[in-house]
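Work through these exercises with the model at hand. Each task is followed by a stepwise solution.

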Amino acid sequence: MISSLRLTSSNLTSSEFFNRKSPVPRPNLPLQFSDCSALKHVDRSLSTNKPLHISSVENLSFPTKSSERSTACRAYEAESRPLQINIELPDEQTAQKLKIGLYFATWWALNVVFNVYNKKVLNAFPYPWLTSTLSLAAGSLMMLISWATRMVDAPKTDFDFWKSLLPVAVAHSIGHVAATVSMSKVAVSFTHIIKSGEPAFSVLVSRFLLGEMFPLPVYLSLIPIIGGCALSAVTELNFNMTGFSGAMISNLAFVFRNIFSKKGMKGKSVSGMNYYACLSLLSLLILTPFAIAVEGPKLWAEGFQRALSQIGPNFIWWLGAQSMFYHLYNQVSYMSLDQISPLTFSVGNTMKRIFVIVSSIIIFHTPVRPINAIGAAIAILGTFIYSQARL
């Protein structure tokens, strides 16, 4: 570290330094000293037009009658030691990893928040058909406003696009309402444990209905998936057949949704955000008449009054949060598909299940037996092995 001593405001150049007879500068000819130690030799190769900084000077003293001591110094030119600052900017690969990490963290967090509010709403207002419809309605409204205000560019679609999207929307509506029915009957953790068996449905449907062949490791990965789900089901403390069936139907419906989506969306240039927005709009149109037929406004009015009397105004907030966060977490998941490979998405989805299961057990104080936890762990491990085997 350089420490400086300034005698005046002027500088001493190399020529002045060489031409001086006195080893001690007068007050009007300053030197800049730093870490002084002994002055003996001067490098004559220094430029004579640049200021000098004196460093490493020892035994600096003034001449007297009794003793004269010559002073030498080591000096360097002001511009001979430039300050180098290296600023390392993240490369593209690092930036992409950070972006993917942010997508995953947002996706998982939004999913947990949705599941918490969804379960609170269903506990106080056990009408899953209406809550499913409101989730789609909230998302559709949010995107319509975004398109109208130009916050998001509206997609350019045609009749063929909506025709291809129709079977996807039908499967999405069935899967969404079936999962909500399941959560209205059983714990959130149990629903997600059963839904971790979705890869087994994917392989079976693709093999027997579409004739697609898979390598042996893929089939072997189904053993822990099916075994783990079965172990969790038979050891569930609050087992309910409606809840179990709803989760299984949801798995099957979402497998068909993915198949229809892959087939129908080839060559379509719609972003992930807009694709899910269009899917929500069409699913809303499909689900609304069925929700009215199955439950109806009369039951909804009675249930709403009962929930308000038990919970208070907070119930309205729960209902709004459940609807909003459902759309947000799905939107982020579809946006992430634009940035990552299907394999990475599959691994992220598996980790999301773990995150949601553990969070819901902690938040709702769900009783879990050790054998039940082992079954869940086996099923999730099988799902991870499946995602790797599909590589």
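**Exercise 1.** Count the disulfides, taking a pair of cysteine sulfur atoms within 2.5 Å as the criterion.

*Solution.* Recall the chemistry: a disulfide is a covalent bond between the sulfur atoms of two cysteines. Apply the cut-off: the count comes to 0 disulfides. Now classify two cysteines by relative accessible area (buried under 20%, exposed over 50%, partly exposed in between; 1.4 Å probe, protein chains only). Cys229 has 11%, so Cys229 is buried. Cys278 is at 1% and therefore counts as buried.

This is a predicted model: local features need pLDDT of at least 70, side-chain atom pairs count only at pLDDT 80 or more, and totals for chains, interfaces and linings use all residues. Residues are numbered from 1 along each chain as its sequence is written, and side-chain values use heavy atoms, with hydrogens and water left out.

**Exercise 2.** Place Thr191 and list what Thr191 touches.

*Solution.* Start with the element: Thr191 sits in helix H5, residues 188-195. Helices here are DSSP runs (H or I, at least four residues), numbered from the N terminus. Next, accessibility: Thr191 has a relative accessible area of 0%, so Thr191 is buried. Then contacts (heavy atoms within 4.5 Å). Leaving out residues up to four places away in sequence, Thr191 touches Ala179, Ser182, Met183, Val186 and Ala247.

**Exercise 3.** How many residues of H5 are buried?

*Solution.* List them: Val188, Ser189, Phe190, Thr191, His192, Ile193, Ile194 and Lys195. That is 8 of the 8 residues, so H5 is largely enclosed by the rest of the structure.

Methods
Helix = DSSP H or I, 4+ residues; strand = E, 2+ residues; numbered from the N terminus.
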